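Here are my notes on the model you sent round. I've kept them as numbered points so you can check each one against the structure.

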Amino acid sequence: MRGNKIQLIDFENLENNEFLVCNQFTIIEKEKNKRPDVVLFVNGLPLVMLELKNPADENATVKKAFTQLQNYKNAIPSLFTYSGILVASDGLDAKAGSLTANWSRFAAWKTVDGEKEGETTTPQLETLIRGMLSKEVLLDLIRNFVVFQKIKHEDIETKQTFIETIKVLAAYHQYWAVRKALVSTRKATLENGDRKAGVVWHTQGSGKSLSMVFYAGKIVLELNNPTMVVITDRNDLDDQLFDTFASSKQLLRQQPMQVSNRGDLKEKLKTAGGGIIFTTIQKFFPEDGGETFDLLSDRKNIIVIADEAHRSQYGFAAKTVYEKDEKGNEIGTKTKYGFAKYLRDALPNASFIGFTGTPIEKEDASTPAVFGEYVDVYDISQAVEDGATVRIFYESRLAKIHLKEEEKAQLDSEVEAITENEESTAAERAKAKWTQLEAIVGHQDRIQTVAKDIVEHFEKRQDVIEGKAMIVTMSRRIAVELYEEIIKLKPQWHSEEKSKGTLKVIMTSNSSDAENWQIHSTTKQERREIADRFKDPSSLLKLVIVRDMWLTGFDAPCLHTMYIDKSMQGHNLMQAIARVNRVFKDKPGGLIVDYIGIAQDLKKALAIYSASGGKGAPTLDQKEAIAAMIEKHEIVEQMFDGFDYKKYFSASISEKMTIILESQEHVLSLENGKNRFVQNVDLLSKAFALSVPSLAAMNIKDEVGFFQAVKARLVKFEPQGTGKSDEEIETAIRQIIDGAVVSDGIIDIFDAAGIKRPDISILSDEFLEEIKGMERKNLALELLKKILNDEIKSRSKKNLIQGRKLSEMLEKAIKKYQNNILTAAQVIDELIKLAKEIHQEDGRFAGSGLSDYEIAFYDALADNDSAKSVLGDDRLRELARVLVERVKSNTSIDWTIKESVQAKLRVLVKRTLRQFGYPPDMELLATENILKQAGMLADEWSE
């Protein structure tokens with residue numbers, strides 16, 4: 001077979017592949033035995049894993065299924081070598097994601113055919129299986145809709161940068177949009193096609209750039225060696241989009257090329273075929289200012305992919321302009337056209353497709369003329385509902401203009417002097433008007449006011465929500481002066497080094513700029529490095545000041561606040577505010593803070609958006625978040641009816657501990673109190689984060705912190721662990737109350753519960769009686785659950801079989817309580833019986849002379865009735881002694897990761913079992929139990 005390729009999957013002929021679904025497929029790795037719920041194999045490759053929780057169990061959630069998948073990744077990593085898709089479900093709801101996707105990136109697959117969403121009465125799991133996991137779609141996703149990206153992270157302590165590779169899987173809206181775009185592209189490129197492949201409108205933040213990558217990857221396979229020309233209207237956007245494509249070259253099957261100038265553009269497009277070429281639209285403007293652009297290629301398999309399809313970039317319209325000599329005298333006229341016309345001159349037979357994050361304005365007749373009508377629409381409402389983006393909230397903080405009358409009069413007279421000439425052009429008059437406005441907005445007193453307000457506002461938000469902020473100014477001068485005013489207030493935020501500092505200015509610069517502007521001068525590479533720092537949540541760079549850069553095409557998920565002090569309109573405004581709508585951990589939403597008065601422009605943008613068929617508002621007034629916060633605060637407060645929790649705020653530290661536990665006991669006494677309290681505190685916390693630093697939020701900040709403290713206590717008593725990660729609400733909404741009160745190192749749960757810490761075993765009879773006699777039964781139950789769970793976990797590390805048995809007993813008792821079969825008092829009795837059984841387990845082999853190791857091996861051997869009946873107790877004990885001696889003497893420091901040593905041990909164990917006459921039908925199970933038990937003791941034995 002040398003020199004030949006073997007295709008593991010036949011993507012062209014689906015039925016040539018073997019599709020196999022395995023339930024409870026057993027994997028043994030690193031001495032661990034795991035059984036994922038469902039594994040989908042294609043030709044023996046485990047491409048999809050599904051973790052399914054019981055829909056009848058209120059504690060079995062999709063999030064817990066996700067957590068289980070993460071645990072499998074650590075326990076049995078070899079199963080994930082070929083992983084394409086992971087699915088987490090509670091039997092009804094279901095979410096899918098890639099191998100490296102965090103919880104926020106797991107999403108539902110909402111349609112079977114891409115045309116109609118599944119009914120609300122249809123389980124999400126059914127829609128996902130029929131839609132995403134059909135043979136055709138599954139293999140299409142694996143082959144054409146997966147890319148790998150590299151993300152830079154900075155270690156705050158060591159200052160070292162490390163790179164993480166993540167696997168990105170298309171969401172359902174991206175997949176079906178590309179499928180639709182392929183159909184329209186095939187039609188457009190036919191011999192008699194109209195060359196209009198259509199417009200894909202996917203709201204900003206929903207993965208438009210990656211949709212373009214997936215589209216390009218499919219087009220490479222669909223057409224005969226096509227050339228793709230990807231067009232943007234700005235250099236920084238060209239760089240950003242090019243980087244996205246360049247990182248996906250495996251999917252694209254080629255290295256994209258970036259055009260440097262008009263000559264380079266002409267050379268690259270005159271080639272016979274193939275390639276993905278990036279250029280800005282401006283490079284299609286005739287160098288001589290003429291009416292036509294050179295013909296570059298008349299091939300029909302050229303696809304022009306336009307990012308942000310709007311009339312300012314692609315019009316056909318002609319206009320007459322005046323030509324002037326060096327002295328400014330008019331010497332004639334000439335005709336200019338929109339860029340759409342020059343594109344047609346250069347590529348007359350190319351087909352055009354547009355991707356946009358904002359709707360096409362009604363007056364923009366040229367956009368449909370170039371691209372055709374909408375192929376697919378994914379609007380704000382859908383994106384927020386699916387969790388592809390977060391909501392954007394709007395807060396008005398208009399900064400008053402501090403301008404003396406004499407200064408205003410002087411400005412007016414200067415403007416009049418500029419515009420009094422009747423022959424002044426519209427451009428000159430507009431420039432004069434802008435200059436006047438810039439002078440007013442950039443007045444020193446006003447800049448000082450805005451700087452002070454931003455610092456105070458941002459610091460209050462940082463107290464409760466993790467992330468970063470962007471400040472948008474109307475000129476470079478204002479950007480620099482605002483930076484200087486902020487640094488006066490926060491000198492520690494400044495650094496002249498590009499790789500350091502909390503605050504940076506991102507703007508174009510040149511050598512003629514003033515001296516105090518020069519520290520903000522950056523090269524293209526330096527801006528990329530600063531962008532990487534800003535995108536990295538762990539980086540110390542928290543704030544950037546921009547004018548135009550980074551307002552479109554810039555993706556920083558941890559950006560949660562944008563301070564706007566610049567007038568913007570239409571799609572430019574929509575694109576800018578969308579910088580804060582990216583999903584990040586559990587970021588509840590983005591916030592736009594308006595200093596200049598963009599409310600009317602937002603309303604106009606909404607009118608255009610709605611008229612185009614878009615649903616969902618681009619922004620919501622922060623008052624809505626405040627109203628939601630007040631509502632949830634009232635609900636949580638009502639749960640404390642009859643209990644005075646407010647005494648907490650005037651109590652001493654030791655008293656606070658008791659009050660928190662009393663509050664916990666009160667919540668647990670309510671019907672379904674724990675779940676209701678946790679759920680509503682989460683909702684309150686998110687609304688609170690969106691409302692900060694409003695007066696209403698600041699008025700209840702201490703109460704929110706208290707509620708979070710009580711919630712934290714409730715969650716810590718989960719018997720099986722909650723799988724909590726750093727993405728949960730406590731990372732984004734920080735504790736505002738005294739940290740010492742909720743610190744595990746300060747609070748002693750025994751002292752706080754009024755129980756003396758026992759000197760002897762934690763499960764002594766005296767201790768159990770004290771637990772049983774506690775007045776707070778719910779607290780006693782939660783405390784005993786935690787203690788037993790910790791005790792069982794500790795024993796499980798030394799004795800696999802005993803730990804498994806005790807865990808099952810604990811889980812059974814807790815389920816009886818959760819299903820209302822037992823009361824709190826009754827389940828305490830059950831748990832006390834379990835505790836006493838643990839005592840009895842400890843005394844089973846008293847006087848037998850067996851060591852702890854030998855007892856663990858005995859339990860591994862006796863884990864079936866036939867072994868006991870065939871060999872008898874004495875013979876099993878002797879077998880356990882011999883196995884411990886032989887296995888221990890044949891282990892090495894790294895034996896658990898060396899397959900050769902494990903194979904040798906497996907043979908040794910089997911031989912020993914046969915020597916003692918162990919039942920052959922139980923030999924395999926006993927061997928695996930022994931090796932697992934040995935693996936658990938490996939660290940002790942290798943010391």
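1. Cavities first. This is a predicted model, and the count comes to five cavities of 30 Å³ or more. The biggest of the five holds about 140 Å³ of space. Its lining is made up of 17 residues, and those closest to the centre are Thr203, Ile380, Ile392, Asn581 and Pro618. If you wonder how empty space is found at all, rolling a probe the size of a water molecule over the atoms shows where it is left.

2. Who lines that largest cavity? Two elements give two or more residues to the lining, namely α12 (380-386) and α18 (570-577). The top contributor is α12, with three residues. By residue type, the lining of the largest cavity splits into 11 nonpolar, five polar and one charged.

3. The second largest cavity comes in at about 80 Å³. Its lining consists of Tyr483, Ser495, Glu496, Lys498, Leu503, Lys504, Val505, Ile519, His520, Thr522 and Ile530. Strand β21 (residues 503-506) supplies the largest share of that lining, three residues. Here the split is five nonpolar, three polar and three charged.

4. Now for the chain overall. The model has 36 helices and 25 strands. Of the 943 residues, 52% are buried. If you take contacts between residues at least 6 apart in sequence, 71% of them join residues at least 24 apart.

5. One sheet deserves a look in the viewer. Seven strands make an open sheet with parallel pairing, and the order is β12-β13-β11-β14-β17-β10-β18. The edges are β12 (257-258) and β18, each with a single partner strand, so each has one side without a neighbour in the sheet. As a reminder, strands of a sheet pair through backbone hydrogen bonds, either parallel or antiparallel.

6. Within that sheet, try β10 (residues 196-202). Six of its seven residues are buried, so "mostly covered" is a fair description under the cut-off of under 20% relative accessible area. On one side, β10 runs parallel to β17 (residues 351-356), joined by five bridges. Tryptophan 201 sits opposite threonine 356 in that pairing. Strand β10 is also joined to β18 (residues 374-378), again parallel, by four bridges. Across that pairing, valine 200 faces aspartate 376, and histidine 202 is opposite tyrosine 378.

7. Which residues of β20 are buried on each side? Lys468, Met470 and Val472 are buried on one side, and Ala469, Ile471 and Thr473 on the other. That makes six of six residues buried in β20. In a regular strand the side chains alternate between the two faces of the sheet. Note that Lys468 is on the buried list too.

8. Strand β20 has two parallel partners to check. With β23 (residues 559-565) it pairs over six bridges, and threonine 473 has aspartate 565 as its bridge partner there. With β22 (residues 543-546) the link is four bridges, and alanine 469 stands opposite leucine 543.

9. Just ahead of β20 is glycine 467, in the loop between α15 (444-464) and β20 (468-473). Is glycine 467 buried or exposed? It counts as buried, because its relative accessibility is 7% and the cut-off is under 20%. Setting aside neighbours within four places in sequence, glycine 467 is in contact with Phe458, Gln462, Lys542, Cys558 and His560. Glycine 467 also lies 8.7 Å from lysine 587, C-alpha to C-alpha, although the two are 120 residues apart in sequence.

10. Last, the cysteines. How many disulfides does the model have? The count comes to zero. A disulfide is a covalent bond between the sulfur atoms of two cysteines. Two cysteines are worth looking up individually. Cysteine 22 has a relative accessible area of 16%, so it counts as buried. Cysteine 558 is also buried, at 1% relative accessibility, and it is one of the residues in contact with glycine 467.

Note on methods: Residues are numbered from 1 along each chain as its sequence is written. This is a predicted model: local features need pLDDT of at least 70, side-chain atom pairs count only at pLDDT 80 or more; totals for chains, interfaces and linings use all residues. Side-chain values use heavy atoms; hydrogens and water are left out. A disulfide is a pair of cysteine sulfur atoms within 2.5 Å. Buried means under 20% relative accessible area, exposed over 50%, partly exposed in between (1.4 Å probe, protein chains only). On a 1 Å grid over the protein atoms alone, a cavity is a set of points where a 1.4 Å probe fits but cannot get out, and a pocket is an open set with protein on both sides within 12 Å along at least five of seven lines; lining residues have an atom within 4 Å of a point. Grid points are joined across faces, edges and corners, and a volume is the space filled by probe spheres set on the points. Ala, Val, Leu, Ile, Met, Phe, Trp, Tyr, Cys and Pro count as nonpolar, Asp, Glu, Lys and Arg as charged, and the others, Gly among them, as polar. Contact means heavy atoms within 4.5 Å. Two strands pair if DSSP finds at least two bridges between them.
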